[in-house]
Amino acid sequence: MILETLHHSVQTVFANKMRLVKALLIPFIVTYCLRSLKVSMAGSELYEEVLVFVLNIAIFLVSSIICMRTQQILDSYGTDDTRFSRWQGISFDAQQRRYTAYLFLCFGLLNAIWAVFQIDYEWVNNGVLYSLLLALGVAGWIIFSRLSFVLPAIAAGKSSSFKDALTLTKNKKLYAFVIAGLLPVAFYMLFIGLPIFMLFANPKFAMSLKFIYVFIWGVIVIAIPFIIAAIEGTAYRELMGNSEATELTSIE
């Protein structure tokens with residue numbers, strides 16, 4: 001069951017808490033500073049927009065470090081032995097570069113899928129064609145969820161490709177879709193969409209807590225990639241071990 005996978009994720013995170021802190025604290029701080037700088041510089045001026053674009057790239061690169069290190073550490077599924085762990089900064093070795101490249105491809109596919117869902121019906125002006133586009137978006141979303149399992153495989157040190165990810169999830173399509181397709185959306189809606197709704201629903205109250213609100217929201221935003229990476233890393237491990245947690249009705 002999905003709840004079992006979530007439970008195993010929490011267990012593994014707490015079992016490796018000190019290793020995770022030492023590996024992720026500096027990237028978390030760097031990401032928070034970059035996001036804060038981005039918010040403060042966002043504007044209509046050309047040079048500001050260019051800087052925001054550069055900051056977005058930097059945030060993506062550091063976030064990829066957070067994701068890979070999380071899945072790398074949780075893949076061991078061992079106890080928290082801090083004797084051999086060390087503090088880590090920002091670095092891009094060959095494994096990290098490969099992980100980031102695949103993450104970029106997944107991110108590009110996700111943006112293409114999102115663009116399909118955002119197509120205006122009035123622009124299409126054809127019910128059948130619009131339905132086909134929505135069906136294409138859903139199919140792409142399912143494929144994306146399966147392809148994304150290449151990331152924890154690379155983090156585990158395997159020379160995997162998208163083909164290997166499709167093979168791994170061949171008989172577990174629904175499980176893969178729930179883990180990598182539905183849960184991330186649910187987390188973003190809960191932790192990002194809800195605060196935005198509260199901001200517009202009661203702006204005076206939100207502004208009275210401006211610093212606390214912005215700080216907590218900033219922490220949540222940078223924590224979401226970590227949460228998603230931890231869950232998908234755990235799911236990958238259970239797919240590899242053919243765990244009972246993956247026993248859902250498959251989409252054939």
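## Terms and basis

A residue counts as buried under 20% relative accessible area, as exposed over 50%, and as partly exposed in between (1.4 Å probe, protein chains only). Helices (H or I, at least four residues) and strands (E, at least two) are DSSP runs, numbered from the N terminus.

This is a predicted model, in which local features need pLDDT of at least 70 and side-chain atom pairs count only at pLDDT 80 or more, while totals for chains, interfaces and linings use all residues. Residues are numbered from 1 along each chain as its sequence is written, and side-chain values use heavy atoms, with hydrogens and water left out.

## Overall architecture

The chain has 11 helices and 0 strands. In order from the N terminus, its elements read α-α-α-α-α-α-α-α-α-α-α. The chain holds 252 residues, of which 38% are buried.

Contact means heavy atoms within 4.5 Å. Among contacts in the chain with a separation of 6 or more, 81% join residues 24 or more positions apart. The accessible surface, from the Shrake-Rupley method with a 1.4 Å probe (for residues, only the protein chains shown count as cover), comes to about 14,400 Å². Carbon and sulfur atoms account for 71% of this surface.

## Helices H4 and H6

Helix H4 covers residues 94–117. The expected span of a helix is 1.5 Å times one less than its number of residues. For the 24 residues of H4 this gives 34 Å, and the end C-alpha atoms are 35 Å apart, which agrees. Buried in H4 are Gln96, Tyr99, Thr100, Tyr102, Leu103, Cys106, Ile113 and Val116. An α-helix has 3.6 residues a turn, so residues three or four places apart point the same way. Gln96 has a relative accessible area of 2% and is therefore buried. Beyond residues up to four places away in sequence, Gln96 touches Ser64, Ile65, Met68 and Ser91.

Helix H6 (residues 127–147) has 21 residues. From first to last C-alpha, H6 reaches 30 Å, close to the 30 Å expected at 1.5 Å a residue. Its buried residues are Gly137, Gly140, Phe144, Ser145, Arg146 and Leu147.

## The largest nonpolar core

A nonpolar core is a set of buried Ala, Val, Leu, Ile, Met, Phe, Trp, Tyr and Cys residues joined through side-chain atoms within 4.5 Å. The largest one has 26 residues, and Tyr99, Phe149 and Ile179 have the most contacts inside it. At least two residues of this core come from each of H3, H4, helix H7 (150–155), helix H9 (173–201) and helix H11 (210–240). With 7 residues, H9 gives the most to this core. In soluble globular proteins, nonpolar side chains tend to be buried together.

Ile179 is found in helix H9 and is buried, because its relative accessible area is 3%. Outside its neighbours within four places in sequence, Ile179 is in contact with Ile2, Thr5, Phe149, Pro184, Ile231, Glu232 and Ala235. Ile179 and Thr5 lie 174 residues apart in sequence, with 9.0 Å between their C-alpha atoms. Phe149, residues up to four places away in sequence not counted, touches Ala165, Thr169, Ala176, Ile179, Ala180, Glu232, Ala235, Tyr236 and Leu239.

## A separate core and Leu74

Apart from the largest core lies another core, of 11 residues, among them Val13, Ala23, Ile66 and Leu74. Leu74 lies in helix H3. Its relative accessible area is 1%, so Leu74 is buried. Neighbours within four places in sequence aside, Leu74 is in contact with Thr12, Val13, Asn16, Leu20, Ala230 and Arg237. The C-alpha atoms of Leu74 and Ala155 are 9.7 Å apart, at a sequence distance of 81 residues.

## Val150 in H7

Val150 belongs to helix H7. It is buried because its relative accessibility is 1%. Leaving out neighbours within four places in sequence, Val150 is in contact with Tyr102, Ser160, Ser161, Phe162 and Ala165. For Val150 and Ser161, 11 residues apart along the chain, the C-alpha separation is 6.0 Å.

## Nonpolar surface patch

Patches are made of residues with over 30% relative accessible area and no salt bridge, with like charges joined within 9 Å and nonpolar side chains (Val, Leu, Ile, Met, Phe, Trp, Tyr) within 5 Å. A salt bridge is a side-chain nitrogen of Lys or Arg within 4 Å of a carboxyl oxygen of Asp or Glu.

Ile26, Val50, Phe53, Val54, Ile57, Leu61, Ile90 and Phe92 form a nonpolar surface patch with about 650 Å² of accessible area together. Helix H3 (residues 46–76) supplies the largest share, 5 residues. Phe92 lies in the loop between H3 and H4 and, because its relative accessibility is 33%, counts as partly exposed.
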